[in-house]
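Notebook open, model loaded. Today I want to look up the empty spaces in this structure and what sits in them.

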Amino acid sequence: MELAMNYEVFDTPQEAAKKLAAEVAQLIRSRAAEGKGVVFGLATGATPLPFYAELIRLHKEEGLSFANVTSFNLDEYTGLPHEHKESYWYFMHHNLFDHIDIKPENVNLPCGTLAPDEIPAHCAAYEAKIKACGGLDLQILGIGRTGHIGFNEPGSDDKTITRQVTLDDLTKTDAAPAFGGFDNVPKTAITMGVATIMGAKKVRLMAWGEKKASIVKKAIQGPVTADVAASFLQKHPDAVFFLDKPAASEL
Ligand code: GLP
């Protein structure tokens, strides 16, 4: 099988985000017209912000309803309560859920505040709930400079499912300013695995800026390897990278 990753290059993140949001809106509306729901996997980080802003605009200005949407977030830091500004629960509510009509009971994020001995069962239940909802119709992704999708750091192979992971030093370095220093960054997180993500019917990864150019090249044109979790997407039947020009500059 010839492996080739599909990617599209845009002048600006806003243009890319608009196109991706239109695809998502179309999926929501076509399912709603059939009286059905749709299941999205969602991501955090600075990257999806223009995409979430466009979804909010579509809701407020064009009447797009999220009433038939169920969401599962990719990951969550361990140890941060919901009200912590760096928790992904806070991020998602602040940047998307509080501004649209998604039903709170349809929102799912890994729980970051469990006792260590409760985490394995929680991860298994998260996987089971995704399956019980019919699987992920579309997974939204960013990419970390380690090549991580979710928090699947180097060494995460394509058999991995939702679990607790240790964060890579480069990931903690990138997160350090938001936490006021490297040592304040949580050491672990709960993340969907590579297999969980690969199980989505469609995968759409966004990456912007020169800082992402070398890892984007490895993910798209490098070998498929657990050293770069995003490289497994080369084997996905419907994965597309949405890039701006600087992120695509090494391709
Ligand atoms: C975090 C998240 C990832 C995200 C990545 C990139 O580590 N767990 O899901 O893709 O960072 O973040 P940013 O979009 O801010 O570059």
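Before I place the ligand, I need a rule: a molecule sits in a cavity or pocket if more than half of its atoms lie within 2 Å of its grid points. By that rule, the ligand sits in the largest pocket. Note to self: this is a predicted model.

Entry 1, the pocket. I looked up its volume and got about 780 Å³ for the largest pocket. I then asked which residues are closest to its centre. Of the 33 that line the largest pocket, they are T44, G45, A46, Y88 and K212. Strand 4 (75–77), helix 3 (88–95) and helix 5 (169–179) are the elements that give two or more residues to this lining. Helix 5 gives the most, with five residues. I also sorted the pocket lining by class and found 15 nonpolar, ten polar and eight charged residues.

Entry 2, the ligand. What surrounds the ligand? I wrote down T44, G45, A46, T47, D75, Y88, G142, I143, H148, G150, F151 and K212. By class, that shell has four nonpolar, six polar and two charged residues.

Next I went through some polar contacts of the ligand.
- A46 uses the backbone: one of its N or O atoms lies 2.8 Å from an oxygen atom of the ligand.
- Y88 uses its side chain, where an N or O atom is 3.4 Å from a nitrogen atom of the ligand.
- G150 has a polar backbone atom 3.5 Å from a nitrogen atom of the ligand.

How much of the ligand does the protein cover? On its own, the ligand has 390 Å² of accessible area, and the protein covers 83% of that.

Entry 3, the cavity. Rolling a probe the size of a water molecule over the atoms shows where empty space is left. I searched the whole structure for cavities of 30 Å³ or more and got one. The volume of the largest cavity comes to about 80 Å³.

I listed what lines the largest cavity: V24, F40, L42, F51, L55, F66, V69, S71, L96, F97, I100 and I102. At least two residues of this lining come from each of strand 2 (38–42), helix 2 (49–62) and strand 3 (69–73). Is the cavity lining nonpolar or charged? My tally by class is eleven nonpolar, one polar and no charged residues.

Last jotting, both spaces together: the ligand goes down under the largest pocket, and the lining of the largest cavity goes down as having no charged residues.

How values were computed: Residues numbered from 1 in each chain as written. Predicted model: local features only at pLDDT ≥ 70, side-chain atom pairs only at ≥ 80, totals over all residues. Heavy atoms only, no water. 1 Å grid on protein atoms, 1.4 Å probe; cavity = no way out; pocket = protein on both sides within 12 Å on 5 of 7 lines; lining within 4 Å. Points joined across faces, edges and corners; volume = space filled by probe spheres on them. Helix = DSSP H or I, 4+ residues; strand = E, 2+ residues; numbered from the N terminus. Nonpolar A, V, L, I, M, F, W, Y, C, P; charged D, E, K, R; others polar. Near = heavy atom within 4 Å. Polar contact = N/O pair within 3.5 Å; in protein donor to acceptor, adjacent residues only side chain to side chain. Areas by Shrake-Rupley, 256 points an atom, 1.4 Å probe, with all protein chains shown as cover.
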